[in-house]
Amino acid sequence: MSDKEYGGTDDLSLPKATVQKIVTEILAPSPGVAFAKDARDLLIDCCVEFITLISSEANEIAEKEAKKTIATEHIDKALRDLGFPEYVQEVLMSAGEHKEALKTREKKTNKMDQSGLSEAELLRQQEELFKSATEKYNQGPV
C-alpha cells in the first residue's frame, strides 16, 4: 500500500538525522558495521509506510465508533487487526510513559507572566509605545 492510496503525498518522510541517530545507537555494540545511506533511506520509506498503514487502520476503527479523534485504543486494535500484536505491549508502555512525561513537564509561561508586571501596567506601556510610534510617523522623514 502506498501513500497515494491514503490520499497522501510522496513528500512524507522522517528526519534523516533522527533515523541515523537511532540506527547508530542500535549498531553501537557492533564495531565495524556500517549502515549505508540507501539502506537508511529504504528504512525511512518502510517506517513511513508502516505509520501510514497503522494510522489509516486506526482512523477506520475510530470512524466506525463515530469518534473524531484517534485514541490509543484505536492504535492498539489496529496493530492487532493488522497482525502486529507483538508491538501492542511496547506501544502501550510508551504511550503511558509519554502521558506521565507530559504531566511532569513544566508548563510554558507566556511573556506577560514572565514580565512580572500587571496587565494594567503592560497596557500603559503599550499605549506609550503606540503614542511614540505615532509621533515618529507624523514627524515624517528626517
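Me: Which residue does Asp-81 form a salt bridge with?
Reply: Asp-81 pairs with Lys-77, their closest N and O atoms being 3.1 Å apart, where a salt bridge is a side-chain nitrogen of Lys or Arg within 4 Å of a carboxyl oxygen of Asp or Glu. This is a predicted model, in which local features need pLDDT of at least 70 and side-chain atom pairs count only at pLDDT 80 or more, while totals for chains, interfaces and linings use all residues. Residues are numbered from 1 along each chain as its sequence is written, and side-chain values use heavy atoms, with hydrogens and water left out.

Me: How many residues apart are Asp-81 and Lys-77 in the helix?
Reply: They are 4 residues apart in helix H3 (residues 72-81), so about one helical turn separates them; helices (H or I, at least four residues) are DSSP runs numbered from the N terminus.

Me: Is Lys-77 buried or exposed?
Reply: Lys-77 is partly exposed at 39% relative accessible area, and Asp-81 is partly exposed at 43%, given that buried means under 20%, exposed over 50%, and partly exposed in between (1.4 Å probe, protein chains only).

Me: Switching topic, how many salt bridges are there?
Reply: The count comes to 7 salt bridges. One of them joins the side chains of Lys-16 and Asp-41, at 3.8 Å from N to O.

Me: And which helices hold Lys-16 and Asp-41?
Reply: Lys-16 lies in helix H1 (residues 16-27) and Asp-41 in helix H2 (residues 37-64), so that this pair, 25 residues apart, links distant parts of the chain.

Me: What about Glu-121, which partner does that have?
Reply: Glu-121 forms a salt bridge with Arg-124, with 2.5 Å between the closest N and O atoms, and the two are 3 residues apart in helix H6 (residues 119-139).
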